[in-house]
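Colleague: I would like to learn how to read a model like this one feature by feature, beginning with a single residue and working outwards. Could you take me through it?

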Amino acid sequence: MAIQVQVTFDCADPARLARFWAEALHYRSEAPPAGFDDWPAFLRSIGVPEEELNDGDSVVDPDGAGPRLYFQQVPEGKTLKNRLHLDLAVGGGRSVPLATRRARVEAEADRLVAAGATRLRVNAPPGMDQYGVVMSDPEGNEFCLH
């Protein structure tokens, strides 16, 4: 049996990063457990101190296919390149003409820049049938569009 996966991001501002990744992936905020109007009410019910109520946030795939993303507040900032990153397949795959994939990737890059991402560089090796853009989220975590 396969094991369910959650992707966890260390960050300074869990709510901000959760909003960005929900936008990027077309995810939604995770609903609180049944019987609770919101997450703070649930967290208070299990004894989480008031000052820790905003230390985390999460988003989920509305279709239930993708992993849950959890954002946990940590005191230290990001200092080095990610050892793991997300690749967002927005171009349509190799069966789609390169010019169309490039246009789709660029449109998505523009959309995510408007949502708070930063464009870092284009990845289009000469003579190869590929095109991608390396980006970073609002806290500097790299990800790729291809």
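Colleague: In which helix is Arg101 found?

Modeller: Before answering, let me say that this is a predicted model, and that every value I quote is computed from it. Arg101 belongs to helix H3.

Colleague: Is Arg101 buried or exposed?

Modeller: The general idea is that a residue counts as buried when its relative accessible area is under 20%. Arg101 has a relative accessibility of 7%, and therefore counts as buried.

Colleague: What does the side chain of Arg101 reach, and at what distances?

Modeller: There are two partners to look at here. The side chain of Arg101 makes a polar contact with the side chain of Asp129 at 2.8 Å, and the side chain of Arg101 also reaches the backbone oxygen of Gly93 at 3.4 Å. When residues up to four places away in sequence are not counted, Arg101 touches Gly91, Gly93, Arg94, Val96, Asp129 and Gln130.

Colleague: How should I read the relation between helix H1 and helix H3, and at what angle do their axes cross?

Modeller: One looks at how close the axes come and then at the angle between their directions. The axes of H1, residues 14-25, and H3, residues 98-114, come within 10 Å and cross at roughly 160 degrees. Since angles over 145 degrees count as roughly antiparallel, H1 is therefore roughly antiparallel to H3, and the crossing in which H1 passes H3 is right-handed.

Colleague: Which residues meet where H1 and H3 are in contact?

Modeller: From H1 come Phe20, Glu23 and Ala24, which meet Glu108, Arg111 and Leu112 of H3. By class, the residues of this contact divide into 3 nonpolar and 3 charged, with no polar ones.

Colleague: What is the phi of His26, and where does His26 lie?

Modeller: The general expectation is that most residues other than glycine have a negative phi. His26, although not a glycine, has a positive phi of about 60 degrees, and His26 is found in the loop between H1 and strand S2, residues 28-29. With a relative accessible area of 56%, His26 is exposed.

Colleague: What can be said of a loop residue such as Asn141, and is Asn141 buried or exposed?

Modeller: Asn141 sits in the loop between strand S7, residues 132-136, and strand S8, residues 142-145. Its relative accessible area is 12%, so Asn141 is buried. Leaving aside neighbours within four places in sequence, Asn141 is in contact with Phe9, Leu17, Lys78, Asn82, Met135 and Ser136.

Colleague: How many residues apart along the chain are Thr8 and Phe71, and what separation do their C-alpha atoms have?

Modeller: Here one sets the separation along the chain beside the distance in space. Thr8, found in strand S1, residues 6-11, is 63 residues from Phe71 along the chain, while their C-alpha atoms are separated by 5.8 Å. Beyond neighbours within four places in sequence, Thr8 is in contact with Tyr70 and Gln72, and the side chain of Thr8 makes a polar contact with that of Gln6 at 3.1 Å.

Colleague: Finally, how many helices and strands does the protein have, and in what pattern do they follow the sequence?

Modeller: The protein has 3 helices and 8 strands, and read along the sequence they follow the pattern β-α-β-α-β-β-β-α-β-β-β. Of its 146 residues, 31% count as buried. Among contacts between residues at least 6 apart in sequence, 59% join residues at least 24 apart.

Definitions and conventions:
Residues are numbered from 1 along each chain as its sequence is written. This is a predicted model: local features need pLDDT of at least 70, side-chain atom pairs count only at pLDDT 80 or more; totals for chains, interfaces and linings use all residues. Side-chain values use heavy atoms; hydrogens and water are left out. Axes are lines fitted to C-alpha atoms, for helices over the stretch in contact, and angles run from 0 to 180 degrees between N-to-C directions. Helices (H or I, at least four residues) and strands (E, at least two) are DSSP runs, numbered from the N terminus. Angles under 35 degrees count as roughly parallel, over 145 as roughly antiparallel, 65 to 115 as roughly perpendicular and the rest as oblique. A crossing is left-handed if the near helix is turned anticlockwise from the far one by less than a right angle, and right-handed if clockwise. Contact means heavy atoms within 4.5 Å. Ala, Val, Leu, Ile, Met, Phe, Trp, Tyr, Cys and Pro count as nonpolar, Asp, Glu, Lys and Arg as charged, and the others, Gly among them, as polar. Buried means under 20% relative accessible area, exposed over 50%, partly exposed in between (1.4 Å probe, protein chains only). A polar contact is a pair of N or O atoms within 3.5 Å; within protein, one must be able to donate a hydrogen and the other to accept it, and residues adjacent in sequence count only if both atoms are side-chain atoms.
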